[in-house]
Amino acid sequence: MLAQRTLKSLTRAVGVGLHSGQRVELTLRPAQPDTGIVFRRVDLPEPVDIPVSTLAVTDTRMASTISTGNARVHTVEHLMSACAGLGVDNLYVDITAEEVPILDGSSASFVFLLQSAGIVLQNAPRRFIRVKQPVAVRQGEGAQAKWARLDPYHGFKLRFEIDFAHPAVDSTGQCVEFDLGTGSYSRDIARARTFGFTKDVEMMRSSGLALGGGLDNAIVMDDYKVLNADGLRYDDEFVKHKILDAMGDLYLVGKPLLAAYSAFRSGHALNNLLLRELEARPEAWEIVTFDNERLAPAGFAQPARAW
Ligand SMILES: [Zn+2]
């Protein structure tokens with residue numbers, strides 16, 4: 001049987017929120033089979049659980065925010081991406097503020113945390129959402145057009161294309177494909193950092209955003225070049241970060257997808273819209289499990305590879 005996974009032991013991290021600049025403590029704890037991933041605001045008078053789901057996503061400006069009532073957690077996508085990349089099904093995420101720490105702006109630190117705690121198999125079959133029919137969403141026309149879609153695929157792969165008219169982005173890749181069955185998430189995707197432009201950062205700060213952001217946790221560009229002294233971690237780090245984000249956004253559906261995702265200039269909002277469209281069309285997908293691990297798609301049968 002291809003089994004669900006959780007952590008072997010708990011692990012902690014401390015950091016600051018990218019937008020709030022607030023100090024935040026994170027505790028990742030093992031959870032029972034079929035719990036899914038549950039964020040818990042432990043700083044509120046009564047702790048509030050926020051289980052991830054498509055409909056729990058209530059704000060997609062700048063980052064993916066999930067909520068239960070008035071309790072929110074912002075910027076869940078990088079941690080969710082690490083969970084998707086390593087195949088963690090069940091996890092409690094205790095958090096002491098309303099934003100996940102940005103750490104180094106990628107998901108590499110979360111991968112390290114999860115791997116250090118250890119990932120164990122549980123006595124329950126892993127449930128996948130297998131996409132049976134194409135599902136697509138699009139917004140805008142002409143130069144403003146953006147779209148995202150899911151097509152049937154025995155595995156999980158993502159193809160992302162960006163279209164940034166900036167010399168530093170233009171000179172690197174604007175398009176990348178990643179297949180969980182042939183690539184390594186930790187090696188190929190996890191280290192890609194979020195990115196921003198100095199002019200946007202100034203504007204965001206004046207509206208109280210990006211207060212915790214800087215060269216330690218983002219690629220920052222002026223109109224011409226990358227300002228980080230060490231340059232880029234991958235030649236095509238920008239578009240790889242979009243793959244990282246998409247993996248996190250899509251994992252908010254609550255289960256691993258068996259599908260080929262492709263997108264042009266998509267972001268948190270359109271990724272969530274795609275999940276809503278999928279859920280609105282029950283004939284387009286089904287839940288599957290694998291009694292025989294050897295029949296599972298490549299990339300899912302083996303425990304996550306180390307660095
Ligand atoms: Zn991101």
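In the predicted model, helices H1 and H6 are roughly perpendicular to each other, a description that follows because angles of 65 to 115 degrees are counted in that class. The underlying geometry is a crossing of roughly 85° between the axes of H1, which spans residues 77-86, and H6, which spans residues 237-251, with the two axes coming within 7 Å. On the H1 side the contact is formed by Glu77, His78, Met80, Ser81, Cys83, Ala84 and Gly85, and on the H6 side by His241, Leu244, Asp245, Met247, Gly248, Asp249 and Tyr251. Sorted by class, the residues of this contact comprise 6 nonpolar, 5 polar and 3 charged.

Helix H6 also meets helix H7 (residues 268-279), and here the axes come within 9 Å and cross at roughly 40°. The crossing of H6 and H7 is right-handed. Asp245, Ala246, Asp249 and Leu250 are the contributors from H6, and they face His268, Asn271, Leu274 and Leu275 of H7. The contact of H6 with H7 consists of 4 nonpolar, 2 polar and 2 charged residues. Asp245 and Asp249 of H6 thus appear in the contact with H1 and again in the contact with H7.

Turning to the strands, an open sheet is built from 5 strands in the order E2-E3-E9-E4-E5, with mixed pairing. E2 and E5 (48-51) occupy the edges and have a single partner strand each, so that one side of each is left without a neighbour in the sheet. On average, and with direction ignored, neighbouring strands of this sheet are turned by 25° against each other. Helix H1 packs on the sheet, where E3, E4 (37-41) and E9 are touched, and the direction of H1 makes about 150° with that of E4. H1 is therefore roughly antiparallel to E4, given that angles over 145 degrees are counted in this class.

Within the sheet, E2 (residues 11-16) and E3 (residues 23-30) are paired in the antiparallel sense over 6 bridges. Among the pairs in this ladder, alanine 13 has leucine 26 in E3 as its bridge partner, while valine 16 stands opposite arginine 23 in E3. The hairpin of E2 and E3 has 6 residues between the strands, and in this hairpin glycine 21 adopts a positive phi near 70°. E3 is also joined by 5 bridges to E9 (residues 91-95), the two strands running antiparallel, and in this pairing proline 30 stands opposite leucine 91 in E9.

Side chains of opposite charge can pair when their charged atoms come close. The count of salt bridges in the model comes to 18. One example is formed by aspartate 94 and arginine 29, for which the closest N and O atoms are 2.8 Å apart. Aspartate 94 lies in strand E9 and arginine 29 in strand E3, so this pair ties together parts that are 65 residues apart in sequence.

A further strand, E6 (residues 57-59), contains threonine 58. When neighbours within four places in sequence are left aside, threonine 58 is in contact with Thr65, Ile66 and Ser67. Threonine 58 and leucine 180, by comparison, are separated by 122 residues in sequence and by 28 Å in space, C-alpha to C-alpha.

How values were computed
Residues numbered from 1 in each chain as written. Predicted model: local features only at pLDDT ≥ 70, side-chain atom pairs only at ≥ 80, totals over all residues. Heavy atoms only, no water. Axes fitted to C-alpha atoms, helices over the stretch in contact; angles between N-to-C directions. Helix = DSSP H or I, 4+ residues; strand = E, 2+ residues; numbered from the N terminus. Parallel < 35°, antiparallel > 145°, perpendicular 65-115°, else oblique. Contact = heavy atoms within 4.5 Å. Nonpolar A, V, L, I, M, F, W, Y, C, P; charged D, E, K, R; others polar. Left-handed = near helix turned anticlockwise from the far one by under 90°. Pairing = 2+ DSSP bridges. Salt bridge = Lys/Arg side-chain N within 4 Å of Asp/Glu carboxyl O.
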